[in-house]
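Colleague: I should be grateful for a close look at a single part of this model. Please take it step by step, as for a first-year student.

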Amino acid sequence: MDRTFCIAPMMGRTDTHFRNLCRFASKHAVLFTEMVHSNALLKNKRIDKYIQKTDIENPVVFQLGGCEPKDLAEATKIINENKYDEINLNVGCPSKAVQKGSFGACLMRNKILVRSCIEALQNDK
């Protein structure tokens, strides 16, 4: 995937409608979903609002948040079933709400856990 131009994940903004609009502006941009926590995919009855995309949007990277390798592996199955081009594990978000949930940037304090999370994402294939 050419990463010359990317539309980064933005909470409350990079939904399927926004990504469709961005795709009309550029056929080559790599589009990201907003960050979705693994629990939202595994425990929410209405996951369609998180997983929804159209073929027009491709390529799309699904940004996943979480810190439990088992949950990340299960969420990866759902994401792969919905034919996203790539999964990006969020290890950069510094917000207090994200830190409170022990994911995002604070994961960088525990490189062994990050490794386990990445391995869980890769083992689903």
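How do the residues of the lining of the largest pocket divide into nonpolar, polar and charged? Please also describe the helix that supplies the largest share of that lining.

Modeller: Please keep in mind that this is a predicted model. The lining of the largest pocket divides into five nonpolar, six polar and four charged residues. The volume of this pocket is about 230 Å³. Its lining has 15 residues, and the closest to the pocket centre are Asp15, Glu34, Val36, Lys49 and Tyr50. Helix H1, strand S3 (36-37) and helix H3 (48-51) each supply at least two residues of the lining. The largest share, three residues, comes from H1.

Let us therefore turn to H1 itself, which spans residues 16-25. Its buried residues are Thr16, Arg19, Asn20, Cys22 and Arg23. When one looks down the axis of H1, these buried residues fall within an arc of 165 degrees, so they line one face of the helix. A general rule is useful here: an α-helix has 3.6 residues a turn, so residues three or four places apart point the same way. The face of H1 turned away from the buried side carries the exposed residues His17, Leu21, Phe24 and Ala25. As for what covers the buried residues of H1, the cover includes strand S1 (6-7), strand S2 (30-32) and strand S4 (60-65).

One of the buried residues of H1 is a cysteine, Cys22. Its relative accessible area is 13%, and because buried means under 20%, Cys22 counts as buried. The structure holds zero disulfides. Cys22 is in no disulfide, and the nearest cysteine sulfur, that of Cys6, is 12 Å away. A disulfide requires the two sulfur atoms to be within 2.5 Å, so the 12 Å between Cys6 and Cys22 is too far for a bond. Cys6, at 31% relative accessibility, counts as partly exposed.

Strand S4, included in the cover of H1, is also the place of Gly65. Gly65 is buried, with a relative accessible area of 0%. Leaving aside neighbours within four places in sequence, Gly65 is in contact with Met35, Val36, His37, Ser38, Leu72, Asn90 and Phe103. One of these contacts, Val36, is also among the residues closest to the centre of the largest pocket. By contrast with these contacts, one may consider Lys53: Gly65 and Lys53 are 12 residues apart in sequence and 18 Å apart in space, C-alpha to C-alpha.

Technical notes
Residues numbered from 1 in each chain as written. Predicted model: local features only at pLDDT ≥ 70, side-chain atom pairs only at ≥ 80, totals over all residues. Heavy atoms only, no water. Buried < 20%, exposed > 50% of the residue type's maximum accessible area, 1.4 Å probe, protein only. Helix = DSSP H or I, 4+ residues; strand = E, 2+ residues; numbered from the N terminus. Arc of directions from axis to C-beta. Contact = heavy atoms within 4.5 Å. 1 Å grid on protein atoms, 1.4 Å probe; cavity = no way out; pocket = protein on both sides within 12 Å on 5 of 7 lines; lining within 4 Å. Points joined across faces, edges and corners; volume = space filled by probe spheres on them. Nonpolar A, V, L, I, M, F, W, Y, C, P; charged D, E, K, R; others polar.
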